[in-house]
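Let's take a walk through this fold, one neighbourhood at a time. Keep the 3D view open and follow along.

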Amino acid sequence: MRVALHLAIKGRGRVEPNPLVGCVLTNHDRIIGQGYHQEFGGPHAEPNALADAAARGQSPRGATAYVTLEPCCHTNKKTPPCVPALISAGVSRVVVGTLDPNPQVNGQGLAQLRQAGLTVDGPLLEAESKQLLAPFLARVLHRRPYVTLKWAQTADGKIAGPAGQRLQISNPTSAHVVHQLRSRCDAILVGIGTAIADDPLLTAREVPNPRPLLRILLDSQLRLPLQSRLVNTPDQGPVMIFCLVSAIQTKEEAAALQSHGVAVIAVAADPLGGVSVPAVLKELADKPITHLLVEPGPTLAPSFFRENLADRLWLFQSPATVNDATATAAAKVPPHFTPVGSLDLDGDTLTEYLNTRSPLFFSPAPSPDFLLTKHA
């Protein structure tokens with residue numbers, strides 16, 4: 001099952017909104033075939049493992065299949081169901097990591113396997129299997145994206161220079177890792193402070209095959225300049241701005257932004273008068289967003305922490321210091337965010353934290369993104 005979990009990671013960034021799944025076929029404890037879900041719309045892990053066994057000249061008859069997720073049995077989808085494939089191949093036993101929460105499956109796949117005479121065992125390594133599936137579970141069970149916060153800070157905890165001046169903190173290696181992470185996400189979100197200070201593009205650059213990024217801005221009073229790069233690069237991906245209801249009712253900026261192809265959506269305010277983060281995620285529920293990457297400033301990060309809507313944090317720390325009391329300090333990492341992995345990136349340090357209070361926390365296991373970065 002651990003081999004299957006490791007295999008599943010290889011699909012990260014290409015299979016979403018489907019789940020990451022790995023499958024290993026064994027005969028007398030010897031691996032005879034293995035596979036994983038490689039891309040959205042393509043064959044699932046089980047048929048890929050069966051095909052691998054055939055390519056090796058191995059028969060799956062009487063074999064055991066270790067699958068990180070319950071095999072699917074529904075037919076209203078892009079690919080054939082996996083349960084009949086396992087049955088017709090003559091597999092005699094199936095061990096699953098966890099049940100599929102999809103209401104169209106959710107135990108029915110295992111029931112069909114048992115009805116066909118197969119032995120079904122598991123869940124096995126359920127916590128690790130669920131942690132692997134956390135983004136999928138976010139969509140299916142909680143109707144929201146899996147949220148990752150990411151920022152860079154100096155060794156003395158600053159995210160900007162004296163008096164808030166813009167400061168390049170990360171080194172080129174860290175910057176490339178960030179673009180790799182962006183390339184595997186579906187949407188990226190920043191606050192208006194970041195948009196005004198940095199005029200960012202919010203795209204994944206110099207990485208192969210990036211997923212199309214929806215670029216999202218929280219701008220309560222519609223202060224984004226029409227001259228900004230976000231407004232003037234529609235070819236780089238759609239832009240969506242969330243503002244307060246009062247702003248869209250009283251300002252002409254909304255119409256001007258919309259004339260440039262920017263989607264402007266009014267939502268409720270949070271208790272501090274800013275854009276409500278829960279309201280934003282509710283608006284995104286019907287969008288094809290599995291992974292939402294948030295690159296927050298010191299105000300936006302606490303908003304996600306207060307609402308317990310940050311599932312993961314990537315913190316890049318530079319060895320440099322600012323040593324200036326007027327420099328902008330980074331948000332404090334809450335104590336219930338537990339570190340699950342750390343990497344040296346040519347002098348910078350990347351630490352991955354998981355939110356132990358998130359409904360999507362099951363195991364203190366490094367994420368597929370972290371492991372892909374580690375083994376790159």
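**Strands, helices and a hairpin**

Six bridges tie strand 12 to strand 14 (residues 348-355), and the two run antiparallel. One of the pairs to look for is Arg312, whose bridge partner in strand 14 is Leu354. Bear in mind as you go that this is a predicted model.

Strand 12 has another neighbour too: strand 6 (residues 146-153) is joined to strand 12 by six bridges, this time in parallel. Here Trp151 has Leu315 of strand 12 as its bridge partner. Is strand 12 buried or exposed? Five of its six residues (312-317) are buried, so the strand is largely enclosed by the rest of the structure.

Now go back to strand 14 and look at its pairing with strand 13 (residues 337-345). Eight bridges hold these two together, and they run antiparallel. Leu343 faces Leu350 of strand 14 across that pairing. The two strands make a hairpin with two residues between them, and in the turn Asp346 has a positive phi of about 55°.

Another positive phi turns up just after helix 6 (residues 134-142): Arg143 sits at about 50°. The helix itself has a buried set made up of Ala134, Pro135, Phe136, Leu137 and Ala138. What do those buried residues pack against? They pack against helix 5 (126-132), strand 6 and strand 11 (291-294). Strand 6 is familiar by now, as the parallel partner of strand 12.

Next comes an open sheet of five strands, ordered 2-1-3-4-5 with mixed pairing. Strand 2 (30-36) and strand 5 (119-121) are its edges, each pairing on one side only. From one strand to the next, the twist averages 20°. At the strand 2 end, six bridges connect strand 1 (residues 22-27) to strand 2, in antiparallel fashion. Within this pairing, Thr26 has Ile31 of strand 2 as its bridge partner.

Helix 2 lies across strand 1, strand 2 and strand 3 (64-67), running at about 135° to strand 2. Ala54 belongs to this helix, which covers residues 45-55. Which side of the burial cut-off does Ala54 fall on, buried or exposed? Its relative accessible area is 56%, so Ala54 is exposed, given that the exposed class covers values over 50%. Ile31, from the strand 1 pairing, makes a handy reference point: its C-alpha is 13 Å from that of Ala54, with the two positions 23 residues apart along the chain.

On to a pair of helices. Two packed helices are described by the angle between their axes and the distance between the axes. For helix 3 (residues 82-89) and helix 4, the axes come within 10 Å and cross at roughly 20°. The two are therefore roughly parallel to each other, since angles under 35 degrees count that way. Helix 3 passes helix 4 in a right-handed crossing. Val83, Leu86 and Ile87 of helix 3 meet Gly109, Gln112 and Leu113 of helix 4 to make the contact. Sorted by class, that contact has four nonpolar and two polar residues, with no charged ones.

Finally, drop into the loop between strand 4 (93-96) and helix 4 (108-115), where you'll find Asn102. Its relative accessibility is 17%, so Asn102 counts as buried, the cut-off being under 20%. Leaving out residues up to four places away in sequence, Asn102 touches His74 and Val140. Val140 falls within helix 6, residues 134-142.

Terms used. Residues numbered from 1 in each chain as written. Predicted model: local features only at pLDDT ≥ 70, side-chain atom pairs only at ≥ 80, totals over all residues. Heavy atoms only, no water. Helix = DSSP H or I, 4+ residues; strand = E, 2+ residues; numbered from the N terminus. Buried < 20%, exposed > 50% of the residue type's maximum accessible area, 1.4 Å probe, protein only. Pairing = 2+ DSSP bridges. Contact = heavy atoms within 4.5 Å. Axes fitted to C-alpha atoms, helices over the stretch in contact; angles between N-to-C directions. Parallel < 35°, antiparallel > 145°, perpendicular 65-115°, else oblique. Left-handed = near helix turned anticlockwise from the far one by under 90°. Nonpolar A, V, L, I, M, F, W, Y, C, P; charged D, E, K, R; others polar.
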